[in-house]
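Me: I should like to learn how a structural model is read, feature by feature. Please give the general idea first and then the case at hand.

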Amino acid sequence: MNGPTRWRPITRAGVLLGLGLCATAVDVHASPRFLDLDALHEHEEDDDTGWFLQLPAGGSGYYTLAPPEELWGVQDMVFGLADAADAWDQTRLAENLPRLGVGDISLAEGGWFPPHKNHRCGIDVDLRPIGKTPAEEPLLWTDPEYSRKWTATLVDDYLLANLPAERIYFNDPQLIGGLVEPRPGHDNHLHLRIVLPFGFDCDNQG
């Protein structure tokens, strides 16, 4: 790799074509994303990380809570989060709401990620619930600042519309049902898991 690494706007189609994937075989979105192509191809050369992309530390409609080394996910996860957050940005600006807070996804090579029991395959992500104000702060579903309405809207209209979700763990009893299940320790965040991509053999899934 020659010269300094540069961040540049590219499309989802451009990333997939750069990986040598067939763009007609996937759902290609045209919205721009900021991804480091040099770093992407560097990891592509390693079979253990070829499925993974790194979510940038910040982007349209979202902010990250985890350090960069804990923001690796499969393509469906990274692009799905970016698309959901980009769409959410318009709503949260109009309604004076916070950006989407994105926590841990996975490590670059997957595998054991303490203290989590999962987050090993790039298909799990922790997300903050939405509050009633633009303040970007931790919230419990029992807090008066928590917005059930906007958290439900985020899930139904943005996350499920852009990510192939398999289940969501969150303890707000009025949101439980469908893909949302209660789980100890999930009062202050939503844990979203997507379907394991076809052909991706992850033998350490939690």
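The dialogue below takes up confidence, aromatic pairs and one helix in turn.

Reply: This is a predicted model, in which local features need pLDDT of at least 70, side-chain atom pairs count only at pLDDT 80 or more, and totals for chains, interfaces and linings use all residues. Residues are numbered from 1 along each chain as its sequence is written, and side-chain values use heavy atoms, with hydrogens and water left out.

Me: What is the mean pLDDT of the protein?

Reply: pLDDT is the predictor's confidence in each residue, from 0 to 100. Its mean here is 75, and 69% of the residues reach 70 or more. Over residues 1-49 pLDDT stays under 50. Where pLDDT is low, the predicted coordinates should not be read in detail.

Me: How many aromatic pairs does the structure hold?

Reply: Rings of Phe, Tyr and Trp (its six-membered ring) pair if their centres lie within 6.5 Å; planes under 30 degrees apart are stacked, over 60 edge-to-face, and the rest tilted. The structure holds three such pairs. In one of them, Trp-88 and Tyr-158 meet edge-to-face, 5.4 Å centre to centre with 80° between the planes. Trp-88 belongs to helix H3 (residues 75-95) and Tyr-158 to helix H4 (residues 148-162), so this pair ties together parts 70 residues apart in sequence. Helices are DSSP runs (H or I, at least four residues), numbered from the N terminus. Ring pairs also link Trp-88, Trp-150 and Tyr-158 into a cluster.

Me: Where is the kink in H3 centred?

Reply: The bend at a residue is the angle between axes fitted to the seven residues ending there and the seven starting there. H3 has a kink of about 30°, centred on Trp-88. Just after H3, Asn-96 takes a positive phi of about 60°.

Note on methods:
Helices (H or I, at least four residues) and strands (E, at least two) are DSSP runs, numbered from the N terminus. Contact means heavy atoms within 4.5 Å.
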